[in-house]
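Me: I would like to go through this model with you and ask, for each label we attach to it, what the label rests on.

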Amino acid sequence: MDDLLQRLRQFHDDFFPQHQARFEDLVKEGQHPSTLFIGCSDSRLVPYLLTGAGPGELFIVRNVGALVPPYDGLHGLHGTAAAIEYAMLNLKVSRIVVCGHSHCGAMKALYDEIPAQAKNLRGWLDMAREAALPVQVSPEALRRTEQRAVVLQLERLMDYPMVRERVEKHEVTLHGWHYVIEEGEVHVFDVRSGQFTPASLSEHSGTGPYHDAPRDAPPDEQSIFNEIDDRLAGH
Ligand SMILES: [Zn+2]
């Protein structure tokens, strides 16, 4: 028997009977997850372990780099954008987590040559290019790039009208996370301090209600990305 088949049988024989009632409820009542979790595809990031969530609690979309495509001007097929729309309009989640992590291959690839054959990967990573720094790659630069990318995706989420509206009404909160694999700890983005704080020291699990953009500020002043960038750099 191959190992995957063995695991499928284990799930059915061992895990399922212990949780059968929960699964039956989820079928009868439908799913009502509270959280849209946008995470990197990296195999070391395990959303259920990090959050202690079980079936029915997380609506998960994962992709290379935990990236959020721009709402407007999309060309091609965008599963991630579709998932965001579905989570907001149908499931009406109350939290959106964007979870990047340490040692992210996608962020490192921003500093490497990408093989010409990987044309989809190249195009995809362009969405994170703004997070890359004009410096020699180093562990410190990568850490900052990973964190900058998370903030950039939060910013991009706010361009989705169904996200912005509900965030501004305080019905939805945004949570920017940087999971440090070797520490076993998520560092949580605080929009007020512009810093990522280890969960053990943080007072909340995310930005809380995203701060309202000043109504009459010019568009570039509404960008938290640039404003926060200096603080991530430790200035
Ligand atoms: Zn990654």
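Me: In which loop does A66 lie?

Reply: In this predicted model, A66 lies in the loop that runs between β2 and α3.

Me: What makes A66 count as buried or exposed?

Reply: The cut-off for a buried residue is 20 or more other C-beta atoms within 10 Å, and A66 has 32 C-beta neighbours inside that distance, so A66 counts as buried.

Me: What is notable about the phi of A66?

Reply: Phi of A66 is near 55 degrees, which is a positive value in a residue other than glycine. Most residues other than glycine have a negative phi.

Me: Which phi does K92 have, and where does K92 lie?

Reply: K92 has a positive phi of about 50 degrees, although K92 is not a glycine, and it lies in the loop between α3 and β3 (95-101).

Me: Why is K92 called partly exposed?

Reply: A residue is exposed with 12 or fewer other C-beta atoms within 10 Å and buried with 20 or more; K92 has 14, and it is therefore called partly exposed.

Me: How do you know whether P33 is buried or exposed?

Reply: P33 has 20 other C-beta atoms within 10 Å, and the definition of buried asks for 20 or more, so P33 is buried. P33 lies in the loop between α1 (3-29) and β1 (35-40), and, leaving aside its neighbours within four places in sequence, P33 is in contact with G56, E57, L58, F59, L91 and V93. P33 and K92, 59 residues apart in sequence, are 8.5 Å apart in space, C-alpha to C-alpha.

Me: What makes β2 and β6 the edge strands of the sheet?

Reply: The open sheet has 6 strands in the order β2-β1-β3-β4-β5-β6, with mixed pairing, and β2 (58-63) and β6 (195-198) are its edge strands, since each pairs on one side only. Neighbouring strands of this sheet are turned by 25 degrees against each other on average, direction ignored.

Me: How do you know that β5 and β6 pair?

Reply: Two strands pair if there are at least two bridges between them, and 4 bridges join β5 (residues 185-190) to β6, so these strands, which run antiparallel, meet the requirement. Among the bridge partners, H187 is matched with P198 in β6, and F189 with F196 in β6. The two strands form a hairpin with 4 residues between them, and G194 in the turn has a positive phi of about 70 degrees.

Me: Why are α3 and α7 called oblique to each other?

Reply: The axes of α3 and helix α7 (residues 161-168) come within 9 Å and cross at roughly 45 degrees; this angle is neither under 35 degrees, nor over 145, nor from 65 to 115, and the two helices are therefore oblique to each other. α3 passes α7 in a left-handed crossing.

Me: Which residues of α3 and α7 meet?

Reply: E85, M88 and L89 in α3 meet M162, V163 and R166 in α7, and by class this contact has 4 nonpolar, no polar and 2 charged residues.

Me: Across which strands does α3 lie?

Reply: Helix α3 (residues 79-91) lies across β1 and β2, and runs at about 165 degrees to β2.

Note on methods
Residues are numbered from 1 along each chain as its sequence is written. This is a predicted model: local features need pLDDT of at least 70, side-chain atom pairs count only at pLDDT 80 or more; totals for chains, interfaces and linings use all residues. Two residues are in contact if their C-beta atoms, placed from the backbone, lie within 7 Å. Axes are lines fitted to C-alpha atoms, for helices over the stretch in contact, and angles run from 0 to 180 degrees between N-to-C directions. A crossing is left-handed if the near helix is turned anticlockwise from the far one by less than a right angle, and right-handed if clockwise. Ala, Val, Leu, Ile, Met, Phe, Trp, Tyr, Cys and Pro count as nonpolar, Asp, Glu, Lys and Arg as charged, and the others, Gly among them, as polar.
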